[in-house]
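Colleague: Please take me through one part of this model closely, the pairing of its strands, and then set that part among the contacts around it.

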Amino acid sequence: MKPFLGILLVVVAMLSLMAAIDPMIAPAHEGALRLVVTQTPAQSQDESWSQAASLSARYPLGSRIVLVECASNGARVTRVLSKGLNAAGAPSLSPRGDRIVFAGRQEADSDWCIYESSLDRGRPSLRAAIAGDCADPAYLPKGEVVFVASDHQSGSSANGGVHHGVLYRTTPEQGLQRISFGPGAAQHPSVLDDGRVLFSMQTGLNLDADPSHAMAADAAGYALFTVNPDGTMLDPFAGVHDTAQLMLRARQTEDGRVVFLTGPAAADQSATAEATGLTPAAVEFARPMGPRSDSLPEMADGNGAPWVVTSVEAGAAAGWIVCARAASVNTGGAYAVWLTSAEEPAQKLFDDPAWNAVEALPVVRTAGPRARPSSVNMEAATGTLVCYDAGRSDQIHGPKAGAAAPASVAVETLARGSGTIEIGRATLSSDRSFFVSVPTDLPLRVRSYDREQQEIATSGWFWIRPGETRACFGCHERRDTAPPNQVIEAVARGLQEL
Amino acid sequence: MTRRKSLLIFAPLSALAALVLAGVGLSRYDSHLLLVTGRADIPRVLCTHCHWKDAPPQIGQARDGQRYVNPVALAVSADGTRLYVAASTQNLLLEVDLATKVVARSVEVGSYPRSLALSSQASRLAVSCRGDDEVVILDTDTLSVTERLKVGAEPVGLAFGPDAQRLFVANSGNDNLEAVNLADQTARQSFGAGQEPLALAMSADGALLCAVNRHVRPARQDQVSGAEITLLDVGRMRVGQRRELHSAHLGQDIALSSDGAFALVPVVHFRNQLPITQVARGAVMTGALAFVETREGGKTVQFPLDEVNAYFADPAGIALTPDDRIAFVSHAGADLVSAIDVEVLQRLCTKADAAAIEAFPDDLALSAQYVLARIPTRQVPEAMAMSADGALLYVAERLADSIAIIDVATLAVVDRIDLGGARVLTAERRGERVFHDASATFQGQFSCSSCHPEGHTDSIIWDFEIDGVGQNLLETRSLRGIRDTPPFKWNGKNPDLHTQCGPRFARVLMRSEPFPPAQLDDLVAYIESIPLRSRRAPAQYAEARERGREIFLRTHDAQGKEIPVASRCNTCHRPPLYTDLAMTDVGTDGVFDTPHLFDVGASAPYLHDGRSLTLEEIWTVHSPDDTHGRTNDLSKIELNDLVLFLQSL
């Protein structure tokens, strides 16, 4: 009997020790708000933090992801979710609210990878890794993940920061699958309820003048785009013509809006972010081209000074979960987690002076995004582009009223090395439509010319996936219009091989 | 002979006999197949593939044992104390006491009551019984039937004329508008009113009657078409104007302003001339509210009801406040009601030039200017009725068997009337909800019902991009009576309805995740139960129809020469299902599934790509070499007889 008693005592002692070391087995209070929080170590010097900064600047050594329980008697860290990693950040919650995916790295000089962690037990497990760095993961339906990885083909991969990002997804059959192919860097994907991936992508790149400049990812602004999880149907969502703006970390909210962080773009993007910070804004999901609004009730410190906001999340019943600091307070550990709503003054939920809380997600269960069927056929050698009216324009960003009618359209891609090259010329029908087959998984754009070969307009960069049929309705036409019901002559004429 | 020896002798003999019999049987089988199809390329199938089939049920033969109410029409008494409800599958007219919110009285009216109209004094209530080709007049005091009027085929919309001496009926089965003099019922007039007119509205002064039809005028894919509004000058009893709703259809309700200056009609604006490369950005269809200035030369403007990332499928019913300030549109596929600021519509209409009128239906930013609210309801809101004082709106939630009561001041549901349908949902009922629910498609853009209204066809030809842009023009096929007619799709690739509505369908059309298995089972159960419309066989055509039937079944041509089996009508369109369940080449650039012929008279256009706008054209234009059966020997009159027979199926 005695040996059994001894074993029992040892087990009890070990459990007690584990409970003391790892607060994971601390019981969660019923109905308490739980948060997943990214913490960066507090520094003594001035510390600005921005989602626009490089990955290693966002999540310096020691950054970690923790589970916080907010009860009536205060908030406390109940579990470290990135245990064993040298740095971690950018968490995203699963629809069931039981797991997170996040970016992390084992050592100071190792690549950033995508990890997954249960909120309740175990240690982080590697979910995706690729040559270079990975960051900003988000859950797709069926547990798949979309994330940003450095584009090592462009030679821009830099340890410690996804500088020129492309989108990848995990798939059960094909492993990792690249789904973005534009010259502009992709950042901060999230998944909309309708199943599309919403992300930020650079616009306004001047690739003709100096193609290598685009890869430096410094000059252009970031607009919001959507793409299907298989990489088809890249579509502008908002801010496409606001080249001087950054629009980052967009999230769909339950009240029918999309909130994001925005700020001016400048030649030195990180310097701008650090100097001014980013401010939250929102658009209506139903009409993203409509006016923007402040996403949050006004937050100000006692002196009326603005707040520097680093993340905004909705989903908690009581209001918005915001990570912010007062602009006037910029000492170590100034960033805290706040709850704000239209009805109540901002309430501090969680603050640890030893850490900056720069990202916070409320732990909630959602229906999750809908799946979208794939129309990619990897056996197809080409894709198809059909344009209904190359002369259709919003007359603001596209050809102005009275501009010459397009007589031909060139399809271009990036040249190997520098500049752009013309893939071929599409023949325009009398209704200004064209219908061509194009190479796939390459940056593409179309440029229209009049009869005198004078350029009329140039589209933004896009791509077409193998087997995809892509329709564009016009040339810089209003994005909140449907196409008119009319016969497309080019379709009747048949497909033109470029 | 020992038992062992017997076995040794009889076993091989039995086997031999079985082989001979099997050989003979197969030979007979093949002969039979050749005899009835005229083809040797059809694979062997079980006898039950063709035999022991029953014709599908017809409209009015209630499914589910009348357990559900299915309210499809509402009317409020002038004093606002009673609500009349057409319980379509129970063949009842219900009277709801609005003080207690319970059904106080009910009366059996006839098969498939579909529409209601109160006389100006509210003493008489007219009920159209679609399944009986009758209009029933009730005394509202006693709630008893006082008259039964025989009218045209499948009556739906109703309106009393001035002083209630005349009743106007929209005969959806005859495509006409019928005026019945209630004092002298032999005095009748009829007016063409587009394909399948469904709704009528009479101006307050009784001078103007507006009718809206559901289907487009049959047109090929490269032709512009649309439904139409018929404006009848009641004083002169003649059609004053016809307004085509360009690229719009599925109008099933209409409201007139109090002064009769404008009419409002919810419609679906379709874009079938474009390939279905995507459904995003309303590239396939969007909801719209047609604003029709009724004066001579007035404008007809379609205002979109959707937004670029938010769609509200299947606009169905319309109601207008007495002061013409707010219009309500029910969205059957989105389970909500939109409240519309009518003054903004008027202002936009006044300013709109021809270019703006053309651009409005595609401008998905426009609705933000006039949509006041989106008010959620239960399943499939369709018919609506406004209280006389304009304070309350009653919305029939058809597949929930309830009436939502919306407070016009707060634009919110404040109460609900339970009509008492069965609580337990059958698979068919669940499937019917799936069929009408647009949430399964990307951004809720459309439901099954959007292309198959009442399980039938939208009469539109679409360019399905999935098989190559411009390569696959297909007419929407009716779902009525298809249960026993596999394979499905024009190319016959789908052996059953589960495949037809499965993952490929999700990829091609829904652009979203496929129906979960349980929902798919329910959906198939519902589709298999969709009834045919009632058989129409006007007595005056009985002889011609019989001649047509003989032509359909003939084996010899006019010269007495035997018609090859493969060229006989009833070879491919074999009764009772009027299909051989096989693929056939009728000279239309390919081999296609043989469609059944039920309701074929109401299924124009014809052939897989809708190239034939009428039944006659199938043979007079598209079968010059008798590739679609032997018909070139028929006279014009004989062809008419054949068409009359087909229209009776």
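Modeller: Two strands count as paired here if DSSP finds at least two bridges between them. The model is predicted.

Start with strand β27 of chain A, residues 434-439, which pairs with β24(A) in the antiparallel sense over 6 bridges. Within that pairing, A:T384 has A:S437 of β27(A) as its bridge partner. β27(A) is also joined by 2 bridges to strand β31 of chain A, residues 496-497, and these two strands run parallel. A:S437 appears again here, standing opposite A:E497 in β31(A). A:S437 is thus bridged to A:T384 and faces A:E497.

β24(A) also leads to the other chain. The contact between the chains takes 31 residues from chain A and 34 residues from chain B. On the side of chain A that touches chain B, the elements giving two or more residues are β24 (382-387), β30 (469-472) and α5 (489-493) of chain A. By class, that side of chain A has 18 nonpolar, 8 polar and 5 charged residues.

Chain B has strand pairing of its own to set beside this. An open sheet of 4 strands in chain B has the order β26-β27-β28-β29, with antiparallel pairing. β26 (381-386) and β29 (412-418) of chain B each have a single partner strand, so they stand at the edges, and one side of each is left without a neighbour in the sheet. On average, neighbouring strands of this sheet are turned by 25 degrees against each other, direction ignored. Inside the order, β27 (residues 392-397) and β28 (residues 402-407) of chain B pair in the antiparallel sense over 6 bridges. One bridge there links B:L393 to B:I406 in β28(B).

Chain B is further divided into domain 1 (68-192), domain 2 (428-529) and domain 3 (535-647). The centres of domain 1 and domain 3 of chain B, taken over C-alpha atoms, are 38 Å apart.

Last, a helix pair in chain B. Helix α9 (residues 542-553) and helix α12 (residues 636-647) of chain B pack at an angle of about 95 degrees, and their axes are 7 Å apart. α9(B) is therefore roughly perpendicular to α12(B). The α9(B) side of the contact includes B:R545, B:R547, B:R549, B:I551 and B:F552, while α12(B) brings residues including B:E638, B:D641, B:L642 and B:F645. By class, this helix contact has 7 nonpolar, 2 polar and 5 charged residues.

Terms used: Residues numbered from 1 in each chain as written. Chains lettered and ligands numbered in written order. Predicted model: local features only at pLDDT ≥ 70, side-chain atom pairs only at ≥ 80, totals over all residues. Contact = placed C-beta atoms within 7 Å. Nonpolar A, V, L, I, M, F, W, Y, C, P; charged D, E, K, R; others polar. Domains from an automatic or database assignment. Axes fitted to C-alpha atoms, helices over the stretch in contact; angles between N-to-C directions. Parallel < 35°, antiparallel > 145°, perpendicular 65-115°, else oblique.
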